[in-house]
Amino acid sequence: MKLANKLFSRYYFSIGRRSSAAKWRDDLEPKFFENTLPVRDTTLVREKLVARRWGKSVRTLQRWRLKGTGPIYIRIGNSIFYTMADILAYEGAQRHGEVQK
């Protein structure tokens with residue numbers, strides 16, 4: 001669990017601050033949106049990081065949970081987690097349109 005959060009954070013916190021030294025790292029670091037991070041499908045991800053991935057607020061994810069329209073989640077105490085498998089499945093379900101041949 002800690003590894004995935006660390007990888008998510010390192011990528012997302014580097015987005016806003018682009019120094020000249022950081023530009024060359026973009027080619028070396030895995031891109032989160034390409035699903036190439038070395039995490040398993042059972043890895044737990046915090047709701048804040050999922051919100052960042054999708055460009056939504058944490059409040060939006062909370063609203064989706066109340067409506068029952070968001071991805072499947074896990075509640076441990078007062079904390080909310082999502083598995084990578086559920087995140088990817090939800091993203092796949094949101095795809096629309098036809099496949100180009």
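Contact means heavy atoms within 4.5 Å. This is a predicted model, in which local features need pLDDT of at least 70, side-chain atom pairs count only at pLDDT 80 or more, and totals for chains, interfaces and linings use all residues. Residues are numbered from 1 along each chain as its sequence is written, and side-chain values use heavy atoms, with hydrogens and water left out.

**Exercise 1. The overall layout**

Give the order of helices and strands, then look at contacts and burial.

Solution.
- Helices (H or I, at least four residues) and strands (E, at least two) are DSSP runs, numbered from the N terminus.
- The protein has five helices and three strands.
- Along the sequence they follow the pattern α-α-β-α-α-β-β-α.
- Take the contacts between residues at least 6 apart in sequence: 56% of them join residues at least 24 apart.
- Buried means under 20% relative accessible area, exposed over 50%, and partly exposed in between (1.4 Å probe, protein chains only).
- Of the 101 residues, 33% are buried.

**Exercise 2. The largest nonpolar core**

List the residues of the core and find the elements that supply them.

Solution.
- A nonpolar core is a set of buried Ala, Val, Leu, Ile, Met, Phe, Trp, Tyr and Cys residues joined through side-chain atoms within 4.5 Å.
- The largest one has 12 residues: V45, L49, V50, A51, W54, L61, W64, I80, Y82, M84, I87 and Y90.
- Two or more residues each come from α3 (47-54), α4 (58-67), β3 (79-83) and α5 (84-93).
- The largest share is four residues, from α3.
- In soluble globular proteins, nonpolar side chains tend to be buried together.
- Now pick W54. Beyond its neighbours within four places in sequence, W54 is in contact with L61, W64, P71, I87, Y90 and E91.

**Exercise 3. Helix α3 and its partner**

Work out how enclosed α3 is and how α3 packs on α4.

Solution.
- Six of the eight residues of α3 are buried, so this helix is largely enclosed by the rest of the structure.
- The buried ones are E47, L49, V50, A51, R53 and W54.
- Next, the packing. The axes of α3 and α4 lie 8 Å apart, at an angle of about 105°.
- That makes α3 roughly perpendicular to α4.
- Axes are lines fitted to C-alpha atoms, for helices over the stretch in contact, and angles run from 0 to 180 degrees between N-to-C directions.
- Angles under 35 degrees count as roughly parallel, over 145 as roughly antiparallel, 65 to 115 as roughly perpendicular and the rest as oblique.
- From α3, E47, K48, V50, A51 and W54 meet V58, L61, Q62, W64 and R65 of α4.
- By class, this contact has six nonpolar, one polar and three charged residues.
- After α3 comes G55, with a positive phi near 70°.

**Exercise 4. Strand β3 and its neighbours**

Find the strands that pair with β3, then place T83.

Solution.
- Two strands pair if DSSP finds at least two bridges between them.
- β1 (residues 44-46) and β3 run antiparallel, joined by three bridges.
- R46 has F81 as its bridge partner in β3.
- β2 (residues 74-76) and β3 also run antiparallel, with three bridges.
- Here I74 stands opposite F81.
- β2 and β3 form a hairpin with two residues between them, and G77 in the turn has a positive phi of about 65°.
- Four of the five residues of β3 are buried, leaving the strand mostly covered.
- T83 lies in β3 and is buried, with a relative accessible area of 13%.
- Leaving aside neighbours within four places in sequence, T83 is in contact with D41, T42, T43, L44 and I74.

Key. Nonpolar A, V, L, I, M, F, W, Y, C, P; charged D, E, K, R; others polar.
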